[in-house]
Amino acid sequence: MQTGPGNAASNYLTNDHAQDTATGNHQQHGMINIRARNPVAGETGGADSRSAAISTLRDLGVTVKEVEMDSLRHYDATNRTLQLSNRATPQTQVFQLLLQVALLRQNKLLEATLDFARFNSAEARAIAKIGLANYFAGAALMPYGRFLAAARDCRHDLELLATR
């Protein structure tokens, strides 16, 4: 479950690539290019992604614990502790770990993106921030390498690709 501090997967998104992605410059720096820089996270969606997320959180000074609780996750910012429900499936736990990575590691990008939206209430902004962090977690789990290979195999025929 633990990985060393030099794990390449601890760099989920670099800010320059994430900024390009958030501002729509995904033709040049899309998620496929981000995946190429980080082959561990998302390709298996399992143990590698979990280890990478825990390593990233550890590098940020966060301790991860599995505990008996009703909610899926709880982050204590004061103690820098992330608690995950031991009742949650392993896939749900990985998603929750990646959600926390987004909230901590990409907070400036999330906030800058939210600034463009000019929400009328703090509550609406907070909900949108969780939505963006969820998008990050989902994107980090996508098997981009396998998808790209399949797209190339069928010469980018979307109808054929959809049947795979």
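Q: Angles between axes count as roughly parallel under 35 degrees, as roughly antiparallel over 145, as roughly perpendicular from 65 to 115, and as oblique in the rest. In this predicted model, how are α6 and α7 oriented to each other?
A: Helix α6 spans residues 107-117 and helix α7 spans residues 122-141. Their axes come within 10 Å and cross at roughly 130°. That angle belongs to none of the three named ranges, and α6 and α7 are therefore oblique to each other.

Q: Which handedness does the crossing of α6 and α7 have, and which residues of α7 make the contact?
A: The crossing of these two helices is right-handed. On the side of α6, the contact is made by N107, L110, E111, T113, L114 and D115. The residues in contact on the side of α7 are R125, A128, K129, L132 and A133.

Q: How many residues in the contact of α6 with α7 are charged?
A: The residues of this contact fall into three classes, of which the nonpolar one holds 5 and the polar one 2. The charged residues number 4.

Q: How many helices and strands does the protein have, and in what order do the elements run?
A: The protein has 9 helices and 3 strands. From the N terminus on, its elements run α-α-α-α-β-β-β-α-α-α-α-α.

Q: In what order do the strands of the sheet lie, and which are the edge strands?
A: The sheet is open, has 3 strands with mixed pairing, and follows the order β1-β3-β2. Neighbouring strands are turned by 20° against each other on average, direction ignored. Two strands pair on one side only, and these edge strands are β1 (63-67) and β2 (73-76).

Q: Is the pairing of β2 with β3 parallel or antiparallel?
A: Strand β3 covers residues 81-85 and is joined to β2 over 4 bridges. One of the paired positions is D76, whose bridge partner in β3 is T81. The sense of the pairing between β2 and β3 is antiparallel.

Q: Which residue of β3 stands opposite K65, and which stands opposite H74?
A: β1 and β3 run parallel and are joined by 5 bridges. K65 stands opposite Q83 in β3. H74 likewise has a partner in β3, namely Q83.

Q: How many of the residues of β3 are buried?
A: A residue counts as buried under 20% relative accessible area. Strand β3 is largely enclosed by the rest of the structure, because its buried residues number 4 of the 5.

Q: What phi does R80 have, and is this residue buried or partly exposed?
A: R80 is found in the loop between β2 and β3, which form a hairpin with 4 residues between them. Although R80 is not a glycine, its phi is positive, at about 50°. With a relative accessible area of 31%, R80 is partly exposed.

Q: Where does H156 lie, and is it buried or exposed?
A: H156 is located in the loop between α8 (144-153) and α9 (158-162). H156 is a residue other than glycine with a positive phi, near 60°. Its relative accessibility is 53%, so H156 counts as exposed.

Q: How are α5 and α7 oriented to each other, and which handedness has their crossing?
A: Helix α5 (residues 90-105) packs with α7 at an angle of about 120°, the axes being 8 Å apart. The two helices are therefore oblique to each other. The crossing in which α5 passes α7 is right-handed.

Q: How many residues in the contact of α5 with α7 are nonpolar?
A: Among the residues making this contact are V94, F95 and L98 of α5, and I130, A133 and F136 of α7. Divided by class, the contact holds 2 polar residues and 1 charged residue, while the nonpolar ones number 13.

Q: At what angle do the axes of α4 and α5 cross, and with which handedness?
A: The axes of helix α4 (residues 47-59) and α5 come within 9 Å of each other. The helices meet through residues including A53, I54 and L57 in α4 and V94, L97 and L98 in α5. By class, the contact has 9 nonpolar, 4 polar and 2 charged residues. The axes cross at roughly 35°, and the crossing is left-handed.

Q: What share of the residues in the protein is buried?
A: The protein contains 164 residues. Those that are buried make up 35%.

Key:
Residues numbered from 1 in each chain as written. Predicted model: local features only at pLDDT ≥ 70, side-chain atom pairs only at ≥ 80, totals over all residues. Heavy atoms only, no water. Axes fitted to C-alpha atoms, helices over the stretch in contact; angles between N-to-C directions. Left-handed = near helix turned anticlockwise from the far one by under 90°. Contact = heavy atoms within 4.5 Å. Nonpolar A, V, L, I, M, F, W, Y, C, P; charged D, E, K, R; others polar. Pairing = 2+ DSSP bridges. Buried < 20%, exposed > 50% of the residue type's maximum accessible area, 1.4 Å probe, protein only.
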